[in-house]
Amino acid sequence: MSDLDVPLRPKRKKTLVDFFVQFRWVVVIFVVLRISCTIYVLIYLGDLKSEWKSYDRRKKEHDENVKKAVKRLNERNPSKDGLVCTARMPWTVVGMRNVDYKRARHFEVDLSAFRNIIEIDKKRMIARVEPLVNMGQIIKATVPMNLAFAVVAELDDLTVGGLNNGFGIQGSSHIYGLFADTIMSYEIGLADGRVVRATKDNEYSDLYYAIPWSQGMLGLLVSAEIKLIPIKEYMRLTNKLLKGKLRHIAQAYMDAFAPRDGDQDNPEKVPDFVETMLYNPTEAVCMTGRYASKEEAKKKGNVINNCGRFLLGWMMPPNISLLKATQGEAIRNYYHENHVIQDMLVPLYKVGDALEWVHREMEVYPLWVCPHRLFRLPLKTMIYPEPGFEQHKRQGDTHYAQMYTDVGVYYAPGPILRGEVFDGAEAVRKLEKWLIENHGFQPQYAVSELNEKDFWRMFDGSLYEKARRKYKAVGTFMSVYYKSKKGRKTEKEVAEAEKEVAELETPEVEGT
Ligand SMILES: Cc1cc2nc3c(=O)[nH]c(=O)nc-3n(C[C@H](O)[C@H](O)[C@H](O)COP(=O)(O)OP(=O)(O)OC[C@H]3O[C@@H](n4cnc5c(N)ncnc54)[C@H](O)[C@@H]3O)c2cc1C
C-alpha cells in the first residue's frame, strides 16, 4: 500500500439515526436558525446592558460578585458536598465533550454575572474582562477603537474563561501564541477562599503558568487582564491555490508564514494572519491577511468584501449551544462514532506527516490548518515545546518559541460518506497515540479516549500537580484528567482518585 492509499472497509448498515442526521439540515434551516437568531438578539441586548454601565459601576459590581462567589465557595462542606463546578448548563458550553461530571453530586458556584468588560486601558494596552465575556462582545467594544485582543478565536460565542482554561488558537497565533499566552494576569478564587492575582513575575507566578489547559481545576477565574494590539479597519486577504501532493501542500503552507531564512519576527516577511483549508489530498487554499487602513482598502482595483450574505447568510452560524440542546443523546453519540471533531497540535516540521496520517486513517476533508507558537517558558507547563528544539533552527522556530500547527479535523470521514464501516473511537485512539509519539497535543474540548496514564504522557502534569496541592485544589476541584475523561464519572471513582493524588509526593517542576 502506498502512503496515500486508504484501507478497504466493508459496507455499514444504515440506522434510523442516519436518516435523522441526513435530514437534520431541514430542522436547522427552518427552525434552529430562527431561534438562534432570537438568542443572538437577546445576547446582543445583554451586551448593550453591560455597555451602558459606567466602568466604575462595572468595577463595583465585579467586586460585589467576587465576594458572593467566594461566600458560596466557603459554604461548601467537604464531607457532605461534591466537588466544585461552575453552574454553567452543560449544553451552553461550546466544547464537544459530554459534561458528564455534572450528573454526579457536585457543588455549584454561579459565575453567570461575570460577563462585563471591566476596563479598557489604552495606555497599558490591556483589557480587563470577566470570564464570560465572549469574542463577539470584545470585538464590538474594541474594534471601533482600532484595538483587538492579540488572539481572537473565530466564533463569537467562545468565552475568555473557556479559551484560557482550554485551547485558544486563531490566525494570528503564529505571532502571539495561544490565547493564554496573551494573558497578563489572572484574578482567581482559590479553594481556600482567597482571591489572588497571578502574573508572570509575582509570588503566584507558578499558578499563572499552571492555569492554561487546567480546565478551571485550580480555581475559579473571576477576571483576566488581556493584551490588546493596535489594528486597522480592513484586512487585505490573499488566497493562494496550492496544488500537489500533501507534502508539497504542507511545504507551501509553511512558506506562507515562516521565512526559510529564519527571519520570523520580520513583519515584512510574516503576514498578520494565516490559515489554510485542504479540500482534498491534492488541493488547498492558503489564506494570508495583512491589516489595511481605510485609504489602502479603498484604492482603485481593490474589491471590498462586506461579510454577510443577503438570504440567510446574515443568520449564520447557528448558535452552537442551541444545536447541542436539540441534539439528544442518540444523535450526540452518532456524531461521536461517525464524525471526527479533533485538533492535532503538532510541531510544524511534522505537518506533512500529520496530513498523510489523517488521510490514511480518517480521510476527512476539508481540513483546517493554522500555525501557533509554543513559547519556551521558565516553568514546564502542561503543553510545552520539544526539548532542545532551538538547536535545530527549523522553519518557523526562534530561540524562544517552537512553531507548531493545528491540523483541525472536523467532518465525516471518507468511509462514513461512502457507507463503509468506520470505528470513530478507535480512530481517535490511534490519533492520540500518534500525537503522543510525535510530541503533539489534543485540545481537551474534544472527546478524548485517553486513559489516565496516556493523558499524562501527552501533557506534562508536574507543575499542575504541584499547584493543585499548593493552592489546595485537591479535594475541592476534580483533576483535569477526570474532567476531560470520556463517559460518566461515578462519584466514588472521582473521590478515590482525589484521595490517591493527596497521598502522592509533590513532583519536581522543570523549566523548558
Ligand atoms: C464550532 C467550534 C468552533 C471553535 N472554534 C475555535 C477557535 O476558533 N479557536 C479555539 O481556540 N477554539 C475553538 N473551539 C474550541 C473551544 O476552544 C472550546 O470549545 C473551549 O472549551 C471554549 O468554549 P467555551 O467558551 O464555551 O468554554 P467552556 O467549554 O465553558 O470552558 C472550557 C473549560 O474552562 C473552564 N472554565 C470556563 N470558565 C471558567 C472560570 N471562570 N473559572 C474556571 N474554569 C472555567 C470550564 O469549566 C471548562 O473546563 C471551537 C469549538 C467549536 C465547537
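**Exercise 1.** Which residues does Val-351 touch, not counting residues up to four places away in sequence?

*Solution.* Work in the predicted model. Skip the residues up to four places away in sequence; Val-351 then touches Ala-250, Tyr-253, Met-254, Val-346, Val-369, Thr-405 and Val-407. Next, turn to the core. The largest nonpolar core has 111 residues. Val-351 is among those that touch the most other members, together with Val-129, Leu-207, Leu-218, Tyr-253, Val-358 and Val-407. Strand S8 (residues 220–230) gives the most to this core, with 6 residues.

**Exercise 2.** Describe how helices H8 and H12 pack.

*Solution.* Start with the axes. H8 (residues 246–255) and H12 (residues 351–361) have axes that come within 8 Å and cross at roughly 140 degrees. Antiparallel would need an angle over 145, so H8 is oblique to H12. The crossing is right-handed. Now list the contact. H8 supplies Leu-246, Arg-247, Ala-250, Tyr-253 and Met-254. H12 supplies Val-351, Gly-352, Leu-355, Glu-356 and His-359. Sort these residues by type: 6 are nonpolar, 2 polar and 2 charged.

**Exercise 3.** Is Phe-389 buried or exposed? Place Phe-389 in its surroundings.

*Solution.* Count first. Phe-389 has 22 C-beta neighbours inside 10 Å. The cut-off for buried is 20 or more, so Phe-389 counts as buried. Then locate the residue: Phe-389 lies in helix H13 (residues 389–392). Leave aside neighbours within four places in sequence, and Phe-389 is in contact with Asp-397 and Gln-402. Finally, check a distance. Phe-389 and Ala-401 are 12 residues apart in sequence, and their C-alpha atoms are 8.6 Å apart in space.

Note on methods: Residues are numbered from 1 along each chain as its sequence is written. This is a predicted model: local features need pLDDT of at least 70, side-chain atom pairs count only at pLDDT 80 or more; totals for chains, interfaces and linings use all residues. Axes are lines fitted to C-alpha atoms, for helices over the stretch in contact, and angles run from 0 to 180 degrees between N-to-C directions. Helices (H or I, at least four residues) and strands (E, at least two) are DSSP runs, numbered from the N terminus. Angles under 35 degrees count as roughly parallel, over 145 as roughly antiparallel, 65 to 115 as roughly perpendicular and the rest as oblique. A crossing is left-handed if the near helix is turned anticlockwise from the far one by less than a right angle, and right-handed if clockwise. Two residues are in contact if their C-beta atoms, placed from the backbone, lie within 7 Å. Ala, Val, Leu, Ile, Met, Phe, Trp, Tyr, Cys and Pro count as nonpolar, Asp, Glu, Lys and Arg as charged, and the others, Gly among them, as polar. A nonpolar core is a set of buried Ala, Val, Leu, Ile, Met, Phe, Trp, Tyr and Cys residues joined through C-beta atoms within 7 Å. A residue is buried if 20 or more other C-beta atoms lie within 10 Å of its own, exposed if 12 or fewer, and partly exposed in between; C-beta atoms are placed from the backbone.
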